Structures are given as structure tokens and as C-alpha cells.
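The following exercises are intended for a reader who meets this structure for the first time. Each task is followed by a solution in steps.

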Amino acid sequence: PSATGNEYTVKYAQGFSVTKSADYTQIIVHDPWDTTKILQKYVLVDKSKQLPAKLPEGTLVRTPLSRVVAYTSVHCASLQELQSVDIIKGVCQPNYINLQSIKDGVANQSILDLGSEFTPNVESIIELNPEAIFVAPVSGSSPGKIEHLNIPIIQTPDYMEYTALGRGEWIRFYSLFIGKEVLADSLFNVTEKNYNEIKTKITSVKERPVVLTDMMYQNVWYVPGGKSFIANMFHDAGASIPWNDNESNGSLNLSFE
């Protein structure tokens, strides 16, 4: 999708679209589980400017953000790529976040461990008073008690993209909230160039190794659906997965057997 106000084009990602005007930026996050619906609308207004008299419908976010809660490792890694890891003041399940800056922050308590992303410590979030909370939405579930805190909840269903470049382009989404658009565009341009060069090299590969991914979690083995960005990334890299015919762009829940 592409949106033109001050000409903002999303090249690969299908999950969000952007319209810019002189006074604000509007971001629409599309519902990946029901394409007829919109998951969320955000209206971004620069902190240094007065609020315009008329704004479109949506969650108001004053930007650039300087204090946030980031639920997942993807949120943390994206903000680190954008040289903004210092705005993260709280995370969920840091044992799953393999970034030294986050580990150090949790250890010295400059970053709070908020517990599980499904039942985060609401009192600690209130104490932190973040300007926004980045969450990874799951089909059919709501953010829970944090919905009532009057803090913007930024939903990022980036893992439901169909292509690796679509997933990668979400770094541009994050950048809109933190004033790092130029950096994000330059990072993504390099990713796009490198990815397409490798993809071109293996188009004629005949022998494609079959690969299995991930690991068992609570007796379930989650594997990428046949239309997921991970399945497409394997295909672009010259590999194959056993579920190529599957139509899901999410994950499949399988038994170990």
C-alpha cells in the first residue's frame, strides 16, 4: 500500500500505511487476521508543536518518544538498530531478550523487568509512566489491564507479514515514533539491496535442502506457515520447508511426533 500526503510509500509491508500532513502523521495498522478491519490508528504530533484544532480519529502520540515499555526482543532490537535503545525503560521476559544493552539495563535496574507480556506488572508500568507501550498483538486477545492506563499502546503485528522484506520494513514504522526516519530508510535500503542480491543468486538452484526451525515450547513445536515471511525467506535463500503447501502466514502448532 502507498499513501500520499507528503508522499510516503510503503514498499513491501502490508501491515501498515502512512499519511503525512503538515501538522501530523497518521499511521494505520491493518488487522492481519481480518483484512476487512483496521487494528489501530495512530495520530503522531511533534512534541514541540501545539496540538492542531482538528485531528483525525486515532490514538494520539506525541513524538519523538523518549520513555517507552517494549514487550518483546523484536521491539528492543528495532529500537537498538535505530540507536534509541536508551528510551526503553521496561521490558517483559528479559530472559528471552539476547541484547547486551537490555541485559545490562535489567541488571542495574535502569530497565525494569515487568514479568510476562500476557500479565505484566501493571503497578510497575504506572510507576514508570512511559509515553507508549510497544506490544506484539495476538489474534483474538486484548492487551488486558494496560488498556485502562491511558498510555498509547502501539501494536506491531509485523510477524504476520508474508515476506522477509515486508517484515524488515517495519523498522520504518518504529522510526516514525522516535524521529529516526532518515536512519531507518538508509538501514532498510541496505537490507533491501543485500537481500535482493542474494535472492537473485539462488533463483536457479535445483537442490533445495529441507529445513526444520525453532524448538519445542511447552510440548508444542511451532513451525512457520507456508505463506509466512519465514517460509518465504527460506525459499528465497534456496531452502524448502515441509509445509510449503500450507496457506497460513502465522505459525502451525505441531506435536513433536
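**Exercise 1: A buried salt bridge**

Asp158 has a relative accessibility of 4% and counts as buried, where buried means under 20% relative accessible area, exposed over 50% and partly exposed in between, with a 1.4 Å probe and protein chains only. The model is predicted: local features need pLDDT of at least 70, side-chain atom pairs count only at pLDDT 80 or more, and totals for chains, interfaces and linings use all residues. Residues are numbered from 1 along each chain as its sequence is written, and side-chain values use heavy atoms, with hydrogens and water left out.

Task: State which residue forms a salt bridge with Asp158.

Solution.
- Step 1. A salt bridge requires a side-chain nitrogen of Lys or Arg within 4 Å of a carboxyl oxygen of Asp or Glu.
- Step 2. The partner of Asp158 is Arg167, and the closest N and O atoms are 3.7 Å apart.
- Step 3. Arg167 is buried, at 18% relative accessible area.

**Exercise 2: Links between distant parts of the sequence**

Task: Determine which parts of the chain are tied together by the salt bridge between Lys20 and Glu181.

Solution.
- Step 1. The structure holds 9 salt bridges. In one of them the side chains of Lys20 and Glu181 meet, at 2.6 Å from N to O.
- Step 2. Lys20 belongs to strand 3 (residues 16–20) and Glu181 to helix 6 (residues 181–201), so the pair ties together parts that are 161 residues apart in sequence. Helices (H or I, at least four residues) and strands (E, at least two) are DSSP runs, numbered from the N terminus.
- Step 3. Lys20 is buried, with a relative accessible area of 18%, whereas Glu181 is partly exposed at 26%.

Task: Carry out the analysis for Glu247 and Lys227, which form a salt bridge.

Solution.
- Step 1. The closest N and O atoms of Glu247 and Lys227 are 3.5 Å apart.
- Step 2. Glu247 lies in the loop between helix 7 (229–236) and strand 14 (251–254), and Lys227 in the loop between strand 13 (220–224) and helix 7; the pair therefore ties together parts that are 20 residues apart in sequence.
- Step 3. Glu247 is exposed, at 59% relative accessible area, and Lys227 is partly exposed, at 28%.
- Step 4. Elsewhere, salt bridges that share partners join Glu169, Arg172 and Asp185 into one network.

**Exercise 3: The buried side of helix 1**

Task: Identify the buried residues of helix 1 and explain why they lie on the same side of the helix.

Solution.
- Step 1. In helix 1 (residues 73–81), the buried residues are His75, Cys76, Ser78 and Leu79.
- Step 2. These residues lie on the same side of helix 1 because they cover an arc of only 165° around the axis, the arc being that of the directions from the helix axis to the C-beta atoms.
- Step 3. Their cover includes strand 7 (68–70), strand 8 (88–91), helix 2 (100–107), strand 10 (132–135) and helix 5 (170–178).

**Exercise 4: The surroundings of Ser175**

Task: Describe the place and the contacts of Ser175.

Solution.
- Step 1. Ser175 is in helix 5 and is buried, with a relative accessible area of 1%.
- Step 2. A polar atom of the Ser175 side chain lies 2.7 Å from the backbone oxygen of Arg172.
- Step 3. Leaving aside neighbours within four places in sequence, Ser175 is in contact (heavy atoms within 4.5 Å) with Leu82, Lys180, Glu181 and Ala184.
- Step 4. Glu181 in turn touches Tyr8, Lys20, Ser175 and Leu176, not counting residues up to four places away in sequence.

**Exercise 5: Backbone exceptions**

Task: Locate a cis peptide bond and residues with positive phi.

Solution.
- Step 1. Most residues other than glycine have a negative phi, and most peptide bonds are trans.
- Step 2. The peptide bond from Thr63 to Pro64 is cis, with omega near 0°, and Pro64 lies in the loop between strand 6 (59–63) and strand 7.
- Step 3. Gln109, which is not a glycine, has a positive phi of about 65°; this residue is in the loop between helix 2 and strand 9 (112–113) and is exposed at 66% relative accessibility.
- Step 4. Asn150 has a positive phi near 60°, lies in the loop between strand 10 and strand 11 (153–155), and is exposed at 76%.

Terms used
Polar contact = N/O pair within 3.5 Å; in protein donor to acceptor, adjacent residues only side chain to side chain.
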